[in-house]
Amino acid sequence: LTNISTVVLSIVTNVLLAKYGATSVCGPDIPIAVIGIIFKVFGIIISIAVGLAIGGQPIIGYNYGAGDKGRVKKTFKTIVLCDTVIGIIATMLIEAIPHIIIGWFGEGSKLYIQYAVMAFRIYLSLIMLTCLTKATAIFFQSLGKPVTAIAVAISRDVVILIPALIILAAVGGADKGVESLLWAAPIADIISAVLAVILVAVFFKK
C-alpha cells in the first residue's frame with residue numbers, strides 16, 4: 001500500500017505540474033524535472049530512516065510479545081532519536097546547499113536552478129517529520145497492529161498530501177500553481193506527524 005500510494009502521488013503531482021506549468025513562466029518541463037529529482041532525494045533519505053526502523057522490528061516485536069514494555073519503549077525512543085538526527089542533517093543540507101544537490105543530477109538554465117532551489121527548500125523543509133511518521137508506521141507493524149500501521153503509512157501521501165496538492169495548485173492558479181502546490185508537502189508532514197504522535201501516545205498510555 002505504501003508503494004502504491006507513492007506511485008499514485010507521483011502521477012497526481014506530475015499531472016498537476018504539467019497542467020499548471022504550461023501556463024507559468026517555468027513551463028511544464030522544468031517543474032516536472034525538478035520534482036523527479038526531489039522524489040529521488042526524498043527516497044534516499046526516507047530509505048535510511050525506514051531501514052533503521054525495520055532494523056528495530058524484531059526487537060520491538062519480540063519484547064512486546066514477551067511483555068517487556070520498557071524495552072519496547074526504549075527501542076522506539078532510540079529509533080526516533082536516530083531518525084531525528086538523520087532528518088535534521090538532511091534538512092540542514094537541503095536548506096543550505098540545494099544548488100549543489102541539484103547539480104549532482106545535471107545542469108540547467110537560470111530559471112531551472114531558481115525553481116529547483118525554491119522547490120527543494122519548500123517541499124523537503126519538514127522531511128524530518130516524514131522520517132518519524134514512516135518510523136511510527138513500522139513501529140505499529142512490529143506490534144502486529146496492521147490497521148494502525150496502514151493508517152499512519154498512507155495518511156501523509158494519500159489522505160493529506162494529494163488533496164492538498166490539488167487545492168493549493170488551484171489556489172495558486174495559472175501563474176503560481178507550480179509554486180503554491182509545493183507547500184502541500186510540509187502541511188502534510190505536520191498533520192501526519194500530529195496523527196502519529198497521538199496514536200503513539202494513546203498506545204503507551206494504554
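A salt bridge is a side-chain nitrogen of Lys or Arg within 4 Å of a carboxyl oxygen of Asp or Glu. Keep that rule at hand for the exercises below.

This is a predicted model, in which local features need pLDDT of at least 70 and side-chain atom pairs count only at pLDDT 80 or more, while totals for chains, interfaces and linings use all residues. Residues are numbered from 1 along each chain as its sequence is written, and side-chain values use heavy atoms, with hydrogens and water left out.

**Exercise 1. Confidence**

Find the mean pLDDT of the chain, and the elements with the lowest and highest mean pLDDT.

Solution. Start with the term: pLDDT is the predictor's confidence in each residue, from 0 to 100. The chain has a mean pLDDT of 93, and 100% of its residues reach 70 or more. Next, go through the elements; helices (H or I, at least four residues) and strands (E, at least two) are DSSP runs, numbered from the N terminus. The lowest mean, 90, belongs to helix α1 (residues 2-21), and the highest, 95, to α4. Where pLDDT is low, predicted coordinates should not be read in detail.

**Exercise 2. A salt bridge between two helices**

Which residue forms a salt bridge with lysine 134, and which helices hold the two partners?

Solution. First, look at the atoms: aspartate 157 is the partner of lysine 134, and their closest N and O atoms are 3.5 Å apart. Second, place the residues: lysine 134 sits in helix α7 (residues 127-142) and aspartate 157 in helix α8, so the bridge ties together parts 23 residues apart in sequence. Third, check accessibility, where buried means under 20% relative accessible area, exposed over 50%, and partly exposed in between (1.4 Å probe, protein chains only). Aspartate 157 is buried at 3%, and lysine 134 is buried too, at 10%.

**Exercise 3. The other bridges**

How many salt bridges does a search of the whole structure find? Describe further examples.

Solution. The search finds four. One of them joins aspartate 157 to arginine 156, with the closest N and O atoms 2.6 Å apart; arginine 156 is buried, at 2% relative accessibility. Step back, and you can see a network of salt bridges linking Lys134, Arg156, Asp157 and Asp189. Another bridge pairs lysine 176 with glutamate 179, at 4.0 Å between the closest N and O atoms. These two residues are three apart in helix α8, so about one helical turn separates them. Lysine 176 is partly exposed, with 46% relative accessible area, and glutamate 179 is partly exposed with 25%.

**Exercise 4. How α1 meets α8**

Work out how the axes of α1 and α8 are arranged, then zoom in on serine 5.

Solution. Axes are lines fitted to C-alpha atoms, for helices over the stretch in contact, and angles run from 0 to 180 degrees between N-to-C directions. The axes of α1 and α8 (residues 146-180) come within 10 Å and cross at roughly 5°. That makes α1 roughly parallel to α8, since angles under 35 degrees count as roughly parallel, over 145 as roughly antiparallel, 65 to 115 as roughly perpendicular and the rest as oblique. Now zoom in: serine 5 lies in α1 and is buried, at 3% relative accessibility. Contact means heavy atoms within 4.5 Å. Leaving aside neighbours within four places in sequence, serine 5 is in contact with Asp157 and Val158.
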